[in-house]
Amino acid sequence: MTELESEVLPLPPRYRFRDLLLGDQSFQSDDRVQVEFYVNENTFKERLKLFFIKNQRSSLRIRLFNFSLKLLTCLLYIVRVLLDNPEEGIGWSHIFWVDRKTPLWAVQVSIALISFLETMLLIYLSYKGNIWEQIFRISFILEMINTVPFIITIFWPPLRNLFIPVFLNCWLAKYALENMINDLHRAIQRTQSAMFNQVLILICTLLCLVFTGTCGIQHLERAGEKLSLFKSFYFCIVTFSTVGYGDVTPKIWPSQLLVVIMICVALVVLPLQFEELVYLWMERQKSGGNYSRHRAQTEKHVVLCVSSLKIDLLMDFLNEFYAHPRLQDYYVVILCPTEMDIQVRRVLQIPLWSQRVIYLQGSALKDQDLMRAKMDNGEACFILSSRNEVDRTAADHQTILRAWAVKDFAPNCPLYVQILKPENKFHVKFADHVVCEEECKYAMLALNCVCPATSTLITLLVHTSRGQEGQESPEQWQRMYGRCSGNEVYHIRMGDSKFFMEYEGKSFTYAAFHAHKKYGVCLIGIRREENKSILLNPGPRHIMAASDTCFYINITKEENSAFIFKQEEKQKKKGFAGRGSYDGPSRLPVHSIIASMGTVAMDLQNTECRPANSSKLALPAENGSGTRRPSIAPVLELADTSSLLPCDLLSDQSEDEMTQSDEEGSAVVEYVKGYPPNSPYIGSSPTLCHLLPEKAPFCCLRLDKGCKHNSFEDAKAYGFKNKLIIVSAETAGNGLYNFIVPLRAYYRSRKELNPIVLLLDNNLDSLLQCGIIYADNLVVVDKESTMSAEEDYMADAKTIVNVQTMFRLFPSLSIITELTHPSNMRFMQFRAKDSYSLALSKLEKRERENGSNLAFMFRLPFAAGRVFSISMLDTLLYQSFVKDYMITITRLLLGLDTTPGSGYLCAMKITEDDLWIRTYGRLFQKLCSSSAEIPIGIYRTESHMFATSESQISINVEDCEDTKDVKEHWGIKTSHHRNSCSSDQSEHPLLRRKSMQWARRLSRKGNKHSSKTAEWISQQRLSLYRRSERQELSELVKNRMKHLGLPTTGYDEMNDHQNTLSYVLINPPPDTRLELNDIVYLIRSDPLAHVANDGHSRKSSCSNKLGSGNPETRDETQL
């Protein structure tokens, strides 16, 4: 059976299942041919070439052996010279014959044989058809001179003492060393600096020249005065160094001829070597060389990647980065593809920066350049976008590629990325920290409309300062403003903090108020240990724990603060004072004592609260009535849900409906709260907003054109109840989403929602039609078309001139804009020859000379929040290296992110009814005890008499009778100006001096003419030139309004605020007195934080509070 099975033939291919799948391949097996590749490398010659030349490692070994042989021959020559003892006397035979010992001759012959065979083998392997090219090479000629004579002495013994210039092998050793270094670089796959190679070649050339000269002169002088080897070396050094003492000189003509030849060779070879070295040095200065790997392993460094490095960006980075004490030992490696700018080069040569900043010219997309910067050893990598590019999207694409390249090369290196457009942000979501410029820019522009000078507040918070700016100024507002600008955000673990340790187990509001009262620090937020999200003002229901991380605003961090306790405080610690008793005012700092006068109840912990009408806080009643103003209630340790929290903004439906029902029969816009249905870009943070119940038709969005739904064609026809916010932009980009969302966020009261008008056509008619006379704020964002300016600082030219035009046409309008360069802020609201502006310019220069990072802060438009530069927020990215929470806190303050339970930034205005609170510290207590709000600063506006410029000198034409009425009119205006700080100073009839002199000359000429026509013409001209520039502009605007059919009454009511100045006080001392029209920045707790738990109790408590509240003690904010 087995035999039968073994004899069974396999099935034909068409009957086998495998062949049915693979097809019939029998023809392939019959015609198959085996092909061998690379057969030419299997020959004996190719194998030798692979070993001696092509293979880097074996070739490196061969060259190292050859280099050792050449050095050994030079050493043997020195030994032969030292053993040689020529006969006395002068004879030419001493030059041709030497005394060579037999063992020495045997060693030299052996080395010569090896060298000769190796040379012949290499000639054979490198032969490419031209034998003469190989023969006439200098290295081959030298090799033959030093080897062939020794080989001949084997067959002819009388020539064994023949002189052979073996010392010329030093040049062959130099040649072998160069080849060996090249093979070494190829073998280890690493390119050493070309500067190192050139320096090595130069040193070897000098050594070879000196060694050749020493040995040659010593040998030739054997026929003369018999110089020793050392004296010959001494003579060569003295000669080549151009010193030339003359104590040792060659005596016979052959040695003198050799000296001449050596000097000529040196004069030719050395300059060429030095020229190559200098060229490489200059190129290295341009490219920056390499960052030492040894330094990278022992020192810490960060890498800054930019597409083009400007001096402003560099100084902002260096000043902010090195402002932190623990970063003083860090190195900064700049990786930039362009050549170093002259100004940048000059700055980096300053000793302060030259030892810590290294500039490398290269691309972040090349691994070789990232290796040069030692990116894998870096502590961080900052990738900044070029905001001066015409195509900002293309600039973002470059930034994205750089971030990807760095992440691919060094995945463990922390990335800090700046992106321009928000729609590109999701491409770099993997980065540790990302700052989107347009997100922050539009959010700050929006908040500036409802919370004045938010941009100034944020800018001062993210800049590092000691608060020394303006302290030598004679003006009080500059000293206070500069001092408060030193406040920054810091963090500390509560269990390790002296500021907040004693408030463990207390409510957040209690800890915030008492820390501010006792230490002057402003607690703004916390972060739970188990939860990584930061909560701004989590409210009084949050109980402080020792593991919480506290975020606070202060001049300096707690670790740098000194605590001076009073005697009473020490006694309290020892237990001499009872816990429930008040220890006296001396236990507090002076400013806290002033702030807490009459408010001692807030220090009582285990006692009952004082009644609301305590005489300590109450003010005398008016008209002798028995009622008193309510005092400030104490801040409770634990939250009282029935009386503490304000009304929830989600439960104010009845209030809005009641308000709307009282209004006249105008159309009422209804809103619902929800999330925007369409996100303009990936990565936008969802925010609960006020939305329309139904999507508005697109045709209804045109304000200047009617449609079938309405016939309104201007802002007046719409009858808006609130002031408008007009956004003047070139294009409606995705960044506008971040402008609208903060203004429509759910925590804004419906009564406070301002209509937003997007103006894409920036001309006078469009401004008037969109209702600029009914607007409180005009936001100017026309930047895209000006980026193509040849001069970087001209990128803001169009924006500045447009804003200046609007400022002249509508002087009372609050115009808010953003500039690329902070130095251009001095041109906003520009007044020529204004002495006060000149004084501020001098102050700015003085602060810059003192090393301030905030020299521009005293410019009035910036201090008032009218202008800011988004480049200032570059420091936000730099600070994140030390404070990793700064971007998160900034986004929460700007409303870009909403974290459940986290508060938001808002503002309230101090009215006459609120002045009874008197001080900022008492206001802090009032807000904490009533509505659980945390104040963080004050926006203050003061009247200020500015010096009048030359172009605004009033006319005093004494020889014209027509000026009497005008003088009376001025008198009325002046008296009114003394009573009102908001009057229009430019409404006075003003003229330039030249115009005034020309008008006088014209009036005198008119008196000489007897013709009535000439007199009439003169009077008309005089009246024309008497008009001020302000009147001309006003007349222009009114004429355009009449032409468009718009009423001019609103424009007549616009006043000029040129005689006021505004500034921001961040975390002022508690004893700071409140002034009328102060706007207080607040962090209000999230109204949605506890709605699900106790919404009913809060609603009832709010209704009781609203029903029983007095107007003097209202807790609502006013915008």
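**Entry 1: helix α31**

I started with helix α31, residues 835–849, in this predicted model. I checked its length against 1.5 Å a residue. Its 15 residues should span 21 Å, and I find the end C-alpha atoms 21 Å apart, which agrees.

Next I asked which residues of α31 are buried. I noted Y836, L840, S841, L843, E844 and E847. They cover an arc of only 160° around the axis, so they sit on the same side of α31. I kept the helix repeat in mind: with 3.6 residues a turn, residues three or four places apart in an α-helix point the same way.

I then turned to the face of α31 away from its buried side. There I found the exposed residues L838, K842, K845 and E849.

What covers the buried residues of α31? I listed α22 (476–484), α32 (860–863) and β20 (1060–1066) among the elements that do.

I also looked just past the end of the helix. G851 follows just after α31 and takes a positive phi of about 90°.

**Entry 2: α21 against α34**

I fitted the pair α21 (residues 454–462) and α34 (residues 886–894). Their axes come within 12 Å and cross at roughly 170°. An angle over 145 degrees counts as roughly antiparallel, so α21 is roughly antiparallel to α34. On the α21 side I recorded T454, I458, L461 and V462 in the contact. The α34 side brings M886, T890, L893 and L894. I sorted these contact residues into six nonpolar, two polar and no charged.

**Entry 3: α23 against α35**

I did the same for α23 (residues 508–519) and α35 (residues 920–930). Here the axes come within 10 Å and cross at roughly 175°. α23 and α35 are therefore roughly antiparallel to each other. I see T509, A512, F513 and H516 of α23 meeting Y920, G921, F924, Q925 and C928 of α35. The residues of this contact between α23 and α35 divide into five nonpolar, four polar and no charged.

**Entry 4: positive phi outside glycine**

I looked up A453, which lies in the loop between α20 (437–450) and α21. Its phi is near 60°, a positive value in a residue other than glycine. Is A453 buried or exposed? At a relative accessible area of 1%, A453 is buried.

N537 was next. I placed N537 in the loop between β9 (535–536) and β10 (549–554). N537 is not a glycine, yet its phi is positive, about 45°. Its relative accessibility is 0%, and I logged N537 as buried.

**Entry 5: L83**

I found L83 in helix α5, residues 56–83. With a relative accessible area of 46%, L83 is partly exposed. How many residues separate L83 and R100 in sequence? I counted 17, and in space the two are 8.3 Å apart, C-alpha to C-alpha.

**Entry 6: the whole chain**

I closed with totals. I count 41 helices and 21 strands in the protein. Of its 1119 residues, 48% are buried. I then took the contacts with a separation of 6 or more. Residues 24 or more positions apart account for 74% of them.

Note on methods:
Residues numbered from 1 in each chain as written. Predicted model: local features only at pLDDT ≥ 70, side-chain atom pairs only at ≥ 80, totals over all residues. Heavy atoms only, no water. Helix = DSSP H or I, 4+ residues; strand = E, 2+ residues; numbered from the N terminus. Expected span 1.5 Å × (residues − 1). Buried < 20%, exposed > 50% of the residue type's maximum accessible area, 1.4 Å probe, protein only. Arc of directions from axis to C-beta. Contact = heavy atoms within 4.5 Å. Axes fitted to C-alpha atoms, helices over the stretch in contact; angles between N-to-C directions. Parallel < 35°, antiparallel > 145°, perpendicular 65-115°, else oblique. Nonpolar A, V, L, I, M, F, W, Y, C, P; charged D, E, K, R; others polar.
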